[in-house]
Amino acid sequence: MSRFLSERFAELEPYTPGEQPQDRVYIKLNTNESPYPPSPQVLEAVNREQVSLLNLYPDPTCHVLREKLADTYGVEAENVFVTNGSDDILNMAFMAFCDREHGIAFPDITYGFYSVYGQFHGVPCHVVPLTEDYRIHVPDYENIGMHIVIANPNAPTGIALPLNAIEKIVRSNPDHVIMIDEAYVDFGADSALSLVGRYENLLVIRTYSKSRSLAGARLGFAVGSRELIQDLERIKYCMNPYDVNRLTQIAGIACLESDTYYKTNAENVMQVREYTTKALKDRGFVVLPSNANFVFARKPGIEGEAIYQQLRAGGVLVRWFSGARIRDFVRITIGTKEQMDQLLSVLDNERS
Ligand SMILES: *Cc1c(COP(=O)(O)O)cnc(C)c1O
């Protein structure tokens, strides 16, 4: 820290992204990326001609992309907000809706960025413990009287809530914004998109980083009432109107023309997830039921960090979190079947 850093930020604890080491080639099962490349349509669309236009600013309204997203998800363009990755939407939503008097509730075990944004913006965070078996207890959130952010499926547990549970939470808090972070919804969970027309306090947040193979392009979008979207636009136009670059807008549009490709990939991931879950259980692991592209697993008698280290030494990266309730677990991204077989063979070769 320099002596110039504002005191406001001195005590902050920044988010720690999953490692991207360059020292050797690893099988990367630590940041929930897709094991598949972007679709052929995307590869085609981001071409020399588009690169040659990079001297020009992108469309700050992302007009074509928003129309296309609106068509795809059955809403109007005015219900869609597009940003440089969905982390940016979360950040802007915290800025737009939360302040010292308007706090936010979320589970004790969830996406690490929620508490970082809470601290960053000086927002009181009401942390609600998951149940013993790592589930969200819906009544804890009914009539809670503050904003809420919930990842559905939750991360890093992978456990999803059904649509009627989400609706109960949204309906019982009409005066607060309910953000549903659906980063992993394409891997077999219910989306709350169908509720957007009925609840003006619902904001559904999606990303292209996981099921749509564009983590490196940085593209996220939110769907919500026209009023909520206007509030987010207001924040964006106070920060960085050009936050979604040209190539990413092009990639995002082409991506929506390759739905079959992404659906097939997601189905593959789901199949490999079931295969991996069974194989881990056969090896004595306890695996939480996942509707995401990762599994959260522990092996009684071995520390989570030790499993992480063993796998790393064998060339396989997974994610380990040091939090009190989850330190026994590792989070394993579902890759291709071949990648998972490598992981299993490293586990089988370890003497512990
Ligand atoms: C990966 C992830 C995000 C962020 O995705 P980006 O669009 O890459 O910023 C948001 N929420 C959850 C729960 C995630 O796992």
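A polar contact here is a pair of N or O atoms within 3.5 Å. Keep that in mind for the first stop, and remember throughout that you are looking at a predicted model.

**Stop 1: the ligand**

Select the ligand and the side chain of S209. An oxygen atom of the ligand is 2.6 Å from an N or O atom in that S209 side chain, so the pair falls within the 3.5 Å limit. Add Y184 next: an N or O atom of its side chain is 2.5 Å from a ligand oxygen. For D87, show the backbone instead, where an N or O atom lies 3.1 Å from an oxygen atom of the ligand. How much of the ligand's accessible area does the protein cover? On its own the ligand has 390 Å² of accessible area, and the protein covers 93% of that.

To fill in the surroundings, select G85, S86, D87, Y111, D181, A183, Y184, T207, S209, K210 and R218; these are the residues around the ligand.

**Stop 2: helix 6**

Now colour residues 163-171, which make up helix 6. Its buried residues are A165, I166, E167, I169 and V170. Turn on the neighbours to see the cover over them, which includes strand 5 (147-151), strand 6 (178-181) and strand 7 (202-207).

**Stop 3: D243**

Move along to the loop between helix 7 (226-239) and helix 8 (246-255), and pick out D243. Is D243 buried or exposed? Its relative accessible area is 8%, so D243 counts as buried, the cut-off being under 20%. Show the side chain of K236 as well, and you will find a polar contact of 3.2 Å between it and the side chain of D243. Leaving aside residues up to four places away in sequence, D243 touches V82, T83, N84, D88, M92 and K236.

**Stop 4: an open sheet**

Next, select strands 9, 10 and 12. These 3 strands form an open sheet in the order 9-10-12, with antiparallel pairing. Strand 9 (286-287) and strand 12 (329-333) are the edge strands, each pairing on one side only. Helix 9 (residues 259-282) packs on this sheet and touches strand 9, strand 10 and strand 12; its direction makes about 5 degrees with that of strand 10.

Zoom in on the pairings. Strand 9 is joined to strand 10 (residues 294-298) by 2 bridges, and here V286 stands opposite R298. Between strand 10 and strand 12 there are 5 bridges, again antiparallel; look for F296 opposite R331.

Stay with strand 12 and show its side chains. In a regular strand, side chains alternate between the two faces of the sheet. Which residues of strand 12 lie on each side? F329, R331 and T333 are on one side, V330 and I332 are on the other, and all are buried. With 5 of its 5 residues buried, strand 12 is therefore largely enclosed by the rest of the structure.

**Stop 5: Q20**

For the last stop, go to the segment before strand 1 (27-28) and select Q20. This residue has 41% relative accessibility, so it counts as partly exposed. The side chains of Q20 and K28 share a polar contact of 3.0 Å. Beyond residues up to four places away in sequence, Q20 touches K28, T31 and E33. To finish, draw a distance from Q20 to C125: the two are 105 residues apart in sequence and 30 Å apart in space, C-alpha to C-alpha.

Note on methods
Residues numbered from 1 in each chain as written. Predicted model: local features only at pLDDT ≥ 70, side-chain atom pairs only at ≥ 80, totals over all residues. Heavy atoms only, no water. Pairing = 2+ DSSP bridges. Helix = DSSP H or I, 4+ residues; strand = E, 2+ residues; numbered from the N terminus. Contact = heavy atoms within 4.5 Å. Axes fitted to C-alpha atoms, helices over the stretch in contact; angles between N-to-C directions. Buried < 20%, exposed > 50% of the residue type's maximum accessible area, 1.4 Å probe, protein only. Near = heavy atom within 4 Å. Polar contact = N/O pair within 3.5 Å; in protein donor to acceptor, adjacent residues only side chain to side chain. Areas by Shrake-Rupley, 256 points an atom, 1.4 Å probe, with all protein chains shown as cover.
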